[in-house]
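Biologist: Please take a close look at the salt bridges in this model, and at the contacts between chains to which they belong. I would like one connected account, with the residues placed in their elements.

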12 protein chains.
Amino acid sequence: MEDHVYRIIEISGSSQTSIEDAIQSAVSRAGRTLRNLRWFEVLQTRGHLEDGKVQHYQVVLKIGFTIDDTNIGV
Amino acid sequence: MEDHVYRIIEISGSSQTSIEDAIQSAVSRAGRTLRNLRWFEVLQTRGHLEDGKVQHYQVVLKIGFTIDDTNIGV
Amino acid sequence: MEDHVYRIIEISGSSQTSIEDAIQSAVSRAGRTLRNLRWFEVLQTRGHLEDGKVQHYQVVLKIGFTIDDTNIGV
Amino acid sequence: MEDHVYRIIEISGSSQTSIEDAIQSAVSRAGRTLRNLRWFEVLQTRGHLEDGKVQHYQVVLKIGFTIDDTNIGV
Amino acid sequence: MEDHVYRIIEISGSSQTSIEDAIQSAVSRAGRTLRNLRWFEVLQTRGHLEDGKVQHYQVVLKIGFTIDDTNIGV
Amino acid sequence: MEDHVYRIIEISGSSQTSIEDAIQSAVSRAGRTLRNLRWFEVLQTRGHLEDGKVQHYQVVLKIGFTIDDTNIGV
Amino acid sequence: MEDHVYRIIEISGSSQTSIEDAIQSAVSRAGRTLRNLRWFEVLQTRGHLEDGKVQHYQVVLKIGFTIDDTNIGV
Amino acid sequence: MEDHVYRIIEISGSSQTSIEDAIQSAVSRAGRTLRNLRWFEVLQTRGHLEDGKVQHYQVVLKIGFTIDDTNIGV
Amino acid sequence: MEDHVYRIIEISGSSQTSIEDAIQSAVSRAGRTLRNLRWFEVLQTRGHLEDGKVQHYQVVLKIGFTIDDTNIGV
Amino acid sequence: MEDHVYRIIEISGSSQTSIEDAIQSAVSRAGRTLRNLRWFEVLQTRGHLEDGKVQHYQVVLKIGFTIDDTNIGV
Amino acid sequence: MEDHVYRIIEISGSSQTSIEDAIQSAVSRAGRTLRNLRWFEVLQTRGHLEDGKVQHYQVVLKIGFTIDDTNIGV
Amino acid sequence: MEDHVYRIIEISGSSQTSIEDAIQSAVSRAGRTLRNLRWFEVLQTRGHLEDGKVQHYQVVLKIGFTIDDTNIGV
């Protein structure tokens, strides 16, 4: 049942290209220091505007990862 | 006024490609057994992660469809 | 600190192509009559269906813009 | 305790006359194919406008009904 | 400024006729023991069904009233 | 697709008679200066009390209208 | 990816014993007519009182199940 | 229709044993001074921790009771 | 464990000076008739305007207090 | 009843000093172009940080104002 | 006042037995690497189903703990 | 675009003086171990009462900070 113990963190990411790319940028950043990322949920989709155009998309995610003693992530 | 009577169901879909594709996969699945699908609303955008990458996007939708006696869908 | 005074409006946009394109369509429309658009937030992602396919995506946005006396936008 | 097992569906109805009438129109539609409707809850009250007047009211309801094996309604 | 100190209670009322009548029934009941009722807000609109018809409407209200030492209402 | 670009405003209305009449009063007021009102959604139903009776009903609405360059309404 | 297409329904269950037992009663009822139930989420925990004691617990659940053509469950 | 007029109060209860027991403790306390308790709804489930263990569970409930002139409970 | 049984009421207060002062005004009013007030939570921060200035701040609070048989506060 | 017809807009303000001052800054800005401001409600309290200190507070407000034909504010 | 500075994390736990046991499993896991856990709040109660039965309960908790310089937990 | 990648944590702070001071106390505590704090958002404003007076204010904040490899803060 160990698989069902998640630690859940909140992180944002951004991209000039697409919402999907902003999601991946947040996931990649989290993955640099955390192992065993399992799922994400989008909490907010926002963005910045310049000269009447979307300059970049920004997403706020919850990311769940399973924890072991070398990866507490807390 | 008959057009304004909707039955509303909740369904999820997923895609390895994009959020739009995950939406279409849920709509297509609902369309196999229901007629007269009219609109959708995204309730949740989530996804699964593997090796620090988005493995697939998953959306939960409300879908509204108009009903007639051979298509009650309840 | 003047930069931190925003007026916030609600506007929707749509696109047959993608959610990002629907966002840009709402932003472009607002930009025809308002200056200094700064950020947006997606409140709702919806869409219309026809023949079991997504006919168009529709987003409802909050858009924040900074105001000056010739651009009150209220 | 059997009475306390409900299936809950979501349905909308509309009326040119009143909110109460829109509620009854949704209930009547559900009752054509489902037995044992017990309660409703109004989730949303909306409507369409034409020429600056309310053309019709539209309500979205949750409706609960008790189920037996010939009336699963799922 | 005394006018701006409210005590707020929650009460439900019902009517076979209309939502407005259900509101008034809750207000009347509260008024039997409390003075100085000032405002209400509808939290929920529900109802019971019988034989595919609305049997009665039920509303849950917040009611605000100003308080004095003989009318604490707490 | 032009039809799907809405500007959405928030306005309240009131009536001594009914909730429906309060909705119409808000819609009528908006219609004095804005064209192409298309839909409304009730955000809140409230009211004022006097002598233990409902003195008037008050609704807060979102109203959506389509915009053109002479009717930006922002 | 087929596993990630869920249909989601809402159902309530009750028990005189415990919240867990009320959950199982709702799940069992759904399982009489639907296959491939996968997960549940508790939306509400309520109950009825008699003589100052809990007479039974009642839960409202969302239940997700995977669908195939003989099990559309819509 | 008298049965459908409820006064609704908010009360918390706690227990070292279980969530069900915490619910019953809140109900028992309310029942010492109020008659005709009819239903409860769990608003929050919380608890205190000590030495890495749950010391007690705490629930916040809404409790509905029918009122008569000797039991206004307001 | 007696300490963990709270009755929770809703009350508003106002002040021309500050939000903190509006909180204290609501607490003071509740304290005139209730003992053992323990905590508050701000539900809403509002206010009235006159001549383009804040005339007073108004807060709506939940207040929790422990109860004994002479202080039921219901 | 004219008093009960409000237009409601959303605006933010900021201050280096206090939350109350941030509220007043938003109100003052709205008052430069709109008459008859009547009430506000705080939707969000945020702020920016620099060197581990609050650099300024930022509030997002709803502001309600009564409208006449020369002050539609839409 | 030091006691009132909490860091709040989000963690899930699961159990085949009961909701209370799932809560304790999340708390125990957090306690392996964090000291001074003080309270929890249940955000979500979910679970997995197999063969029409609850296979395990899963809860998502917020856990608050007091922090000192060797236990920042961030 | 690096600036737009935030890690977001939840922390509470308290003060006997004011809400602003409680915010600063939470920010200061976070700043002892984390760099590059950028913004906060108030999630909850609460407080403890003693002898009918506010003993201290307590706020729960989300704090966003930018991350680099020596400041992951997860």
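Modeller: In this predicted model, K62(E) and E10(I) form a salt bridge in which the closest N and O atoms are 2.7 Å apart. The pair joins two chains, because K62(E) belongs to strand 3 of chain E while E10(I) belongs to strand 1 (residues 6-15) of chain I. As for their surroundings, K62(E) has a relative accessible area of 16% and is therefore buried, and E10(I), at 11% relative accessibility, counts as buried as well; the cut-off that this reading rests on is under 20% relative accessible area. Over all chains, the structure holds 24 salt bridges, and the remainder of this account follows several that involve Glu41 and Arg46.

One of these is formed by E41(B) and R46(C), whose closest N and O atoms are 3.1 Å apart. Since E41(B) sits in strand 2 (residues 37-50) of chain B and R46(C) sits in strand 2 (residues 37-50) of chain C, this pair joins two chains. With a relative accessible area of 17%, E41(B) is buried.

Another is the salt bridge in which the side chains of E41(F) and R46(D) meet, at 3.1 Å from N to O. This pair, too, crosses between chains, running from strand 2 (residues 37-50) of chain F, where E41(F) lies, to strand 2 of chain D, where R46(D) lies. E41(F) has 18% relative accessibility and so counts as buried.

Chain D also has a contact with chain E, and here the whole interface can be described. Chain E brings 15 residues to the contact and chain D brings 12 residues. Between them the two chains bury about 1100 Å², with 57% of that area on carbon and sulfur atoms. There is 1 salt bridge across the interface of chain E and chain D, and it is made by E41(D) and R46(E), with the closest N and O atoms 3.1 Å apart. Polar contacts between chain E and chain D come to 8 residue pairs, counted where both residues are at pLDDT 80 or more. On the side of chain E that touches chain D, at least two residues come from each of helix 1 (19-31), strand 2 (37-50) and strand 3 (53-66) of chain E. Of the elements of chain E, strand 2 gives the most to this side, with 6 residues. By class, the residues of that side are 4 nonpolar, 8 polar and 3 charged.

The strands themselves pair across this interface, for strand 2 (residues 37-50) of chain D and strand 2 of chain E run antiparallel and are joined by 3 bridges. Within this arrangement E41(D) stands opposite R46(E) in strand 2 of chain E, and these two residues are the partners in the salt bridge between chain D and chain E.

The interface of chain I and chain L can be set beside it. Chain I, which supplied E10(I) to the salt bridge with K62(E), gives 13 residues to its contact with chain L, and chain L gives 15 residues. Chain I and chain L bury about 1100 Å² between them, and carbon and sulfur atoms account for 57% of it. Across this interface there is 1 salt bridge, which pairs R46(L) with E41(I) at 3.0 Å between the closest N and O atoms. The polar contacts across the interface of chain I and chain L number 8 residue pairs, with both residues at pLDDT 80 or more. On the side of chain I that touches chain L, the elements that give two or more residues are helix 1 (19-31) and strand 2 (37-50) of chain I. This side divides by class into 8 nonpolar, 2 polar and 3 charged residues.

Strand pairing is found here as well, with strand 2 of chain I and strand 2 (residues 37-50) of chain L pairing in the antiparallel sense over 3 bridges. E41(I) stands opposite R46(L) in strand 2 of chain L, and E41(I) and R46(L) are the residues that form the salt bridge between chain I and chain L.

Note on methods: Residues numbered from 1 in each chain as written. Chains lettered and ligands numbered in written order. Predicted model: local features only at pLDDT ≥ 70, side-chain atom pairs only at ≥ 80, totals over all residues. Heavy atoms only, no water. Contact = heavy atoms within 4.5 Å. Buried area = accessible area lost by both parts, 1.4 Å probe. Salt bridge = Lys/Arg side-chain N within 4 Å of Asp/Glu carboxyl O. Polar contact = N/O pair within 3.5 Å; in protein donor to acceptor, adjacent residues only side chain to side chain. Helix = DSSP H or I, 4+ residues; strand = E, 2+ residues; numbered from the N terminus. Nonpolar A, V, L, I, M, F, W, Y, C, P; charged D, E, K, R; others polar. Pairing = 2+ DSSP bridges. Buried < 20%, exposed > 50% of the residue type's maximum accessible area, 1.4 Å probe, protein only.
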